[in-house]
Amino acid sequence: MRMEPRPVSISQRLTRMNMLVSGASLLLAGVAFAANDVMSFRDTIVKTLAVQAEMVASNSITAVVFDDAQAATDTLKGLAAAPNVVSATVYAAGAQPFARYERDAGTTGLPPLAIPEGQMEASAFAPDAVRLARRIVFEGRPVGMDAIQSDLSALYARLRRHLLLTAAIMLVAMIVAWLVSRLVRRQMTQSLQQVAALTRRVSESNDYSLRAHAGRAATEELTTLVDAFNDMLSRIQERDRELLASHGNLEERVATRTAELNAINNELESFSYSVSHDLRAPLRHVTGFATLLERHAGSALDAQGRRYLRTITDAAQRMGTLIDDLLAFSRMGRTALSKRPVDLGRLVEEAQAEVTDRINGRPVDWNVGPLPIVQGDPALLRPALVNLLSNAIKYSSTREVSRVEIGVSSSTDDEVVVFVRDNGVGFDMAYASKLFGVFQRLHRTDEFAGTGIGLANVRRIVQRHGGRTWAEAKVDAGATFYFSLPSTGGFRDGANDEDGSQSHPTG
Amino acid sequence: MSDLSVARTLAGCALVAVALSAAVDAQRAAEYEVKAAYLVNFAKFVVWPAATRPRGDVFAICVVGADPFGRALDDVVRGTQVDGRVVVVRRLASAGVDDDCWILFVSGSEERRVGDVLRAVSGADVLTVSDMPQFVGRGGMIQLVTRDGRVRFEINLAPAEDVGLRVRSELLRVALAVRPARGPRP
């Protein structure tokens, strides 16, 4: 099981940093001083040894020259005053010791150093000893050599003392650093902790009237932080007040506007409804009396008179259709939506039947894919589908066979997109945005009959269901109309078997 | 005193041995090589008084009596100098102050006449050296003694200081024995 690391507080981090920095610098300084001192002490050891060797050499000249080993031994005994000298030997001409001194009897010591030609002395360091040899010169001629070996106990004692001292200083410094940082961090973090606690309280209680106070010992940065924090709180408080005020205002204003808009809209709709409704009565008179006139005086009229009469009748009928459509459009905005699961496949079948009735046996090549069950009002969706299908047939009537394709182009969890595609005259995509507006027509009435309300109605119905409508087309290459509806995610059972992709030309 | 008698006995024994054996001859030659070297080295540790009498350009080591060194002394002095003077060897039948001797080696052959020899140079700043027994006892300055096969020496400071010769302390330190001066030096 892995534990989540607990966040470290600033004060702990400060203390650690403080101790780390002071410890590291002290250690470095201590080591550097010790190294420097040990190096110079090494030099001192060699120098001291060289002085001792020179004294032995000069005091041994006569002893060597006059072959007096006892005198040389006496000279060497003087080295007993130097406690570090382990052994010393005087050599006459050969390698055989002439006289020897040993601090502790029986010390064998290291073999004598060879002094390079033309030099007076040579020295060498071993891990626990330093050796030095010096020529004994008489009258310009080397007559012998003395070799001194010293132990390094003084050096190591010094090194030990240095390390102990460094360690002691480090310990004391660490304790002092810890104490100081504890003192400083208490002063410093007090304010920080206060700000942190205050932030928590503000975020929990949404009380923006709270204020932080920089401590007596706060640093400049902390004071700035606390001031900035308080400043921020004041601003938030101010904003909050304004926001609350404007929020109240806004709701009030929205409610007022909505009420106004609703009133205007209702007024407008009832106006257009009553206008449409009231227009029908005189129109019925026009149609009725035109028909009566034709029946009554048709034989008396000449061909031109009859044509006038027929034009009156046709125009009146067209106006009737227009008024009917307008009334339907108006109703569409007012009637309540009663949503339930609707089998779009079944609805398309019904729309197909309705449309087929109106086209007088014109051959249509239907191609209907599997369609889903959607949530909607069938009383509204049916006229929308009828409109789309009749449009498809209407605008492909110039073709030998109208080909109409219905299916699902895409289906997500949220919505299902249904398309209706024809092989008709299509339209210029530049006008695609005008397609679904009221009285927006891309073709002349004498080319294709219509009131210019159908697609506006379709859009209104689809939008009331929470969907969208759009179209794609090319001039003379057919058009595809899309509408989306909120998905229920279901298809009619066995839809594929019954209606799926079935193609049956009617008529 | 017993030391000296022992030395004498030993010397006597050595003489007998020399007479008997050629090997002892060789040993004796080696001993005199050392003694020759000592004679030269003594010059470095003795300070002669400044110009008490006119001196020549050479530093002569004079041998009075039968020369025991052979070529050894000549080999040692060759090329050496003392105070800028070339060291030479003089072999004398008898000693005298007129000679420019700095060091006078009295051969063992002069044992019976040693008093005359020393008298001949008395008052002159000449360092007298000999390996004959009782040499320092009879007024000589340095007596070479062979001890345990090593050549050592005794110093008699009184006659040396009488003529202004100063023997350096280093030499005194390695001397086998030092007869002190008569009193505080002037």
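The expected span of a helix is 1.5 Å times one less than its number of residues, where helices are DSSP runs (H or I) of at least four residues, numbered from the N terminus. For helix α2 of chain B (residues 22-44, 23 residues) that gives 33 Å, and the end C-alpha atoms are 34 Å apart, which agrees. This is a predicted model, in which local features need pLDDT of at least 70 and side-chain atom pairs count only at pLDDT 80 or more, while totals for chains, interfaces and linings use all residues. Residues are numbered from 1 along each chain as its sequence is written, chains are lettered from A, and side-chain values use heavy atoms, without hydrogens and water.

**Confidence**
- Chain A averages a pLDDT (the predictor's confidence in each residue, from 0 to 100) of 83, and 92% of the residues score at least 70.
- Residues 493-507 of chain A fall below 50, yet beyond near neighbours in sequence this stretch has 26 contacts (heavy atoms within 4.5 Å) in the model.

**Chain A, helix α4**
- A:Leu183 lies in helix α4, residues 153-205.
- A:Leu183 is exposed, at 57% relative accessible area (exposed is over 50%, buried under 20%, partly exposed in between; 1.4 Å probe, protein chains only).

**Chain B**
- Among the buried residues of α2(B) are B:Tyr32, B:Leu39 and B:Phe42.
- B:Val117, in helix α4 (residues 114-120), is buried, with a relative accessible area of 7%.
- Leaving out residues up to four places away in sequence, B:Val117 touches B:Val64, B:Ala95, B:Leu104 and B:Val106.
- B:Val117 and B:Val64 are 53 residues apart in sequence, with 8.4 Å between their C-alpha atoms.

Conventions:
Helices (H or I, at least four residues) and strands (E, at least two) are DSSP runs, numbered from the N terminus.
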